[in-house]
Amino acid sequence: MADATFPTVEKCASIGREQHTVLADMDGTLLRGRSSFPYFAILAFEVGGVLRLLFLLLASPLAGLLYYFVSESAGIKVLIFATFAGVRISEIESVARAVLPKFYSSDLHPVTWRVFSACGQRYVLTANPRIMVEAFLKDFLGADSVLGTEVATYRGRATGFVREPGILVGKNKADALNKTFGETQPDIGLGDRHTDAPFMSLCKEAYIVPPKPDVKAVTSDKLPKPIVFHDGRLVQKPTPLIALLTILWIPIGFVLACLRIAAGALLPMPLVYYAFWALGVRVTIKGTPPPPVKKSTGQSGVLFICSHRTLLDPIFLSTALGRPIPAVTYSVSRLSEIISPIKTVRLSRDRVADAAMIKKLLEEGDLAICPEGTTCREPFLLRFSALFAELTDHLVPVAMVNRMSLFHGTTARGWKGMDPFYFFMNPSPAYEVTFLNKLPLELTCSSGKSSHEVANYIQRVIAATLSYECTSFTRKDKYRALAGNDGTVVEKPALKANKVMGC
């Protein structure tokens, strides 16, 4: 056994390794978990929905039997076939780039990472399909090269089979090492099981990573690159049990989501708060919201400046206030427009036209806007567009936070029409709406402040309230990272203003 032949990784020195080359296995070595099923399950759900996840789950007992009683290679082949067969290569690459890094990074082994990150040249040798892991390893861990199993393709789709020499386990890993390095020996080899011994024995130094389920993963602040943007619908890493419970919950959750959406759309806004609580949606209100503006006074309405978590932010703002608050938006799906309970108006991205429209709406009453322009799941605030600060001095910052246990209510790659359904499909989703103090007159543009100074100040105030970090990232940065485009949506004919949702 490998662990009887090689010393443990704790004994490997990490000082003075800048000129050294490290070659590490992935599951059980770079990652704490020894099973790759959760990552195959995430990929299966993202590329094929619940039916593909069900197919993988049904195939997993066979994969387990083959893995433990026949060969590692046979078991992994079953997982690859159930997950990849018939899927477009472009979809696999998209999930590998936008979804999987969040889950991989949350399982990074601290001791292995200490050694791996200390070396100047970093290589990963894994049985996982290269297309599935390469984006994370190179973009977030700084790997110079990834040697993994190659998936067979036909006309842009994965066949579900693998190319020669097959799954990289045992002797195949040693052969891949020799092909890559030739007569040069890597300085350090890291593995976690006896089938890693063939490639580890070819390294100058070799260390085994013993299984320690209780070891804590590397914290996000220790990563060379933080995970600011990520996509995908699943909140939790799906073990076989969680995958089964998710599949069983989806039909129940969809019916529940329809009831919750119907309650929000059909009931008077003062009753929505209580209906949500009765249906398991928790809404927490903090701070003191301003009273509604009386039109008889001729005063301009209040502009609520909201941090952006989902397209439901204006809905929950209205729920917290007990009255519908119009909102401006860049783009939402047609389905979201149809089921919306509040009035919103689309921005045209023409600065002059948008400014005139927002001023007109403020003359009619209060208004909500999300100046980030897109959502962010992590504890970061994107750059605030400064246009709103030029249009009124009546500014009220609102810090929005939500909690979900099964599904994310946002997507950059998928169909946005399902966003509200996925959010309300969570067993007990929650929103926390915190009203901050109205911006003092001396901090507004009418007192000589620039619009950018006002926008940046409000961003900092909301970030401090939420313990978030301010960034200069924009909508374009997010969509380029997750979807490979700049997030521009082709304009469609607008619906009536009283049937549009989100921002």
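1. What covers the buried residues of α11? Bear in mind that this is a predicted model. The cover includes α3 (37-69), α12 (269-278) and α16 (419-424). So that you can find your way in the viewer, α11 itself takes in residues 240-266.

2. Here are the residues being covered. Towards the start of the list for α11, Ala243, Thr246, Ile247 and Ile250 are among the buried ones. The list also includes Gly253, Leu256, Ala257, Arg260 and Ile261, and both Ala263 and Gly264 are on it too. Do note Arg260 in there: an arginine, and it is buried.

3. Next, the overall geometry of α11. The helix has 27 residues, and from its first C-alpha to its last it reaches 39 Å, close to the 39 Å expected at 1.5 Å a residue. Still, have a look at Ile250, where α11 has a kink of about 40°. The proline Pro251 comes shortly after that kink. Ile250 is also one of the buried residues of this helix.

4. Now for the pairing with α12. The axes of α11 and α12 come within 8 Å and cross at roughly 165°. That angle makes α11 roughly antiparallel to α12, because anything over 145 degrees counts that way. On the α11 side, the contact is made by Arg260, Ala263 and Gly264; from α12 come Val272, Ala275 and Phe276. Arg260, Ala263 and Gly264 also appear among the buried residues of α11. As for handedness, α11 passes α12 in a right-handed crossing.

5. Away from the helices, check the peptide bond between Glu164 and Pro165. This bond is cis, with omega at about 10°. You will find Pro165 in the loop between β5 (157-162) and α9 (171-181).

6. Which value of phi does Arg155 have, positive or negative? It is positive, near 50°, in a residue other than glycine. Arg155 sits in the loop between β4 (151-154) and β5. Its relative accessible area is 74%, so Arg155 is exposed.

7. Ser467 is another residue to click on. Its phi is near 60°, again a positive value in a residue other than glycine. The loop holding Ser467 runs between α17 (451-466) and β16 (469-470). Is Ser467 buried or exposed? With 64% relative accessibility, Ser467 counts as exposed, because the cut-off for that is over 50%.

Conventions
Residues numbered from 1 in each chain as written. Predicted model: local features only at pLDDT ≥ 70, side-chain atom pairs only at ≥ 80, totals over all residues. Heavy atoms only, no water. Helix = DSSP H or I, 4+ residues; strand = E, 2+ residues; numbered from the N terminus. Expected span 1.5 Å × (residues − 1). Bend = angle between axes of the 7 residues up to and from the residue. Buried < 20%, exposed > 50% of the residue type's maximum accessible area, 1.4 Å probe, protein only. Contact = heavy atoms within 4.5 Å. Axes fitted to C-alpha atoms, helices over the stretch in contact; angles between N-to-C directions. Parallel < 35°, antiparallel > 145°, perpendicular 65-115°, else oblique. Left-handed = near helix turned anticlockwise from the far one by under 90°.
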